[in-house]
Amino acid sequence: MTTLLDGYRDHIVAAHKQPLFLLLVGFITSFVFIRFSVRMIRAQVRWWPGNVTPGGLHIHHMVFGLGFLLAGGIGVFATYGGHPWIDLFGLLFGIGCGLVLDEFALILHLDDVYWSEQGRKSVDAVIFGILFTGLLLVGYVPLGAEPTGETRWGLVTVISVNALAMVVTLLKGKVWTGLLGIMVPGLSWIGAVRLARPSSPWARWRYASSPRLRARALRRERLLHRRADRARTWLFDLIAGAPDKVPAHHPAAHRVAEQMAARATAHLDAHTARALARRSARLADRRSAAGGAEHPSGGHRGAGTSGAPAYGAPGDRAGRHDRSGQRRRAVRAGRSRTYAIAPSGQEPRPGRRRRLRTHTRRMSR
C-alpha cells in the first residue's frame, strides 16, 4: 500500500497529472455505474429506482452527462485552473464523458438504438476514450518511456511509425488491434502487415484487382476473425448486456405491418401467377375455338340464328347470371374465383371489351 501511495505521489501528483487521473477515474466510474443501472432497469428489478421520467418524459442519462461536462469545463475557466478546483472539475468532466459516450450511438443515429446492434458503437467509443485518456496519463510516448536528449528523435520516430501503422490497421478493418496499438506499438505494426478484412476500405481499394488476395482474406475471415468476433461479442454482452433482436424503439404496429406487407407480397405474386395462367388458358381456348370454321349446328360462328343463342341474348344473360352466382358462392365458401370461358360458338357483344380481373372483390355475407 505504501508503495502504491509513493508511486502515485511520484508519477501523478509530482507530474501535475492528478486532474487527468481524476478525469479518468470519473470516466470509468460513471460508465460502470450507468451500465449497471440500465441493466437493472432492463431486468425490471424492484429495488432499483428506474428511469427518470418526470411528467412521463424519459430523460436519458446523456442529458445529465452534458450538465457535468458544462460544469467541469466552465468551472475550470472560471477558477483559472487553480487548486483544488481543477481536481474537482476534472472529476466532474470525466463523469460527464462517461455518461455522454455511453449514449454515443443515440447521438450518431439520432434514434433510440441503445439496446440494438447499432448501440454497440457506444461501447467502442467509451473504450476508445478510456484508452486515449490513459495514453495521455502515461505520457506522450507509448509504454510510458521518458525521452532524454539522446533518445528524443528516436522516440519521435517510433511514435510517428506507430501512428502510421495504427491508421493502416484501422483502414484494414482491425479496430481493436489499432486501438490497443496506441499503447503497445507492436500490435499495430502486426495489424498493418497482415491481410485486411474483406469488408474494410483497404480491401475495397487494393483487393479488387487481386482475386487471390481477396480469396485469402475471405478464407482468413471464416477461420480466424469470426472466432474473434464471437469472443468480442461475448465480452461486450458481459460488459454492456446483449442487444435486442428487434430494436427497442420499433413499435409492435410496425412489426405487424411488416409481416402483413410480406404476406401480401407473397400472395400478390401467387395471385398474379394464377391470373396469368387463367389468361393463357382463355387464349388457348379462343385459338382452339377459332380453328373451327363452322358452328356445330351448321351455321356460321356467331350468326345467332342457330340453336345456341347469340352472346348477349336473354338466354345468355341467364347463363351469365348462373355463372356469377357460382362465382359468388365459391368466394363465400373460401375458394378462389373461377373465370368461365364463353362458349366457343358465341362472339362478344360489339363495342364491349371484357377485362380480366386480377383481384377478388370483397363479398358481404
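**Aromatic pairs and charges over rings in a predicted model**

In this predicted model, helix H6 (residues 120–138) holds both phenylalanine 128 and phenylalanine 132, which lie 4 residues apart, about one turn of the helix.

Q: How many aromatic pairs does the model contain?
A: The count comes to 7 aromatic pairs.

Q: Why is the pair of tryptophan 85 and phenylalanine 89 called stacked?
A: Ring centres must lie within 6.5 Å to pair, and planes under 30 degrees apart count as stacked; the centres here are 6.2 Å apart with the planes at 25 degrees, so the pair of tryptophan 85 and phenylalanine 89 is stacked.

Q: What makes tryptophan 85 partly exposed?
A: Partly exposed covers the range between the 20% and 50% limits, and tryptophan 85, at 45% relative accessibility, therefore counts as partly exposed.

Q: Why is phenylalanine 89 called buried?
A: Buried means under 20% relative accessible area, and phenylalanine 89 has 13%, so phenylalanine 89 is buried.

Q: What makes the pair of phenylalanine 128 and phenylalanine 132 stacked?
A: The ring centres are 6.4 Å apart, set against a limit of 6.5 Å, and the planes stand at 15 degrees, under the 30 degrees required, so this pair is stacked.

Q: How do you know that the charged end of arginine 42 sits over the ring of tryptophan 115?
A: The distance cut-off is 6 Å from the ring centre, joined to an angular condition, and the charged end of arginine 42 sits over the ring of tryptophan 115 at 4.1 Å from its centre.

Note on methods: Residues are numbered from 1 along each chain as its sequence is written. This is a predicted model: local features need pLDDT of at least 70, side-chain atom pairs count only at pLDDT 80 or more; totals for chains, interfaces and linings use all residues. Side-chain values use heavy atoms; hydrogens and water are left out. Rings of Phe, Tyr and Trp (its six-membered ring) pair if their centres lie within 6.5 Å; planes under 30 degrees apart count as stacked, over 60 as edge-to-face and the rest as tilted. Buried means under 20% relative accessible area, exposed over 50%, partly exposed in between (1.4 Å probe, protein chains only). Helices (H or I, at least four residues) and strands (E, at least two) are DSSP runs, numbered from the N terminus. A charge sits over a ring if NZ of Lys or CZ of Arg is within 6 Å of the ring centre and within 35 degrees of the ring normal.
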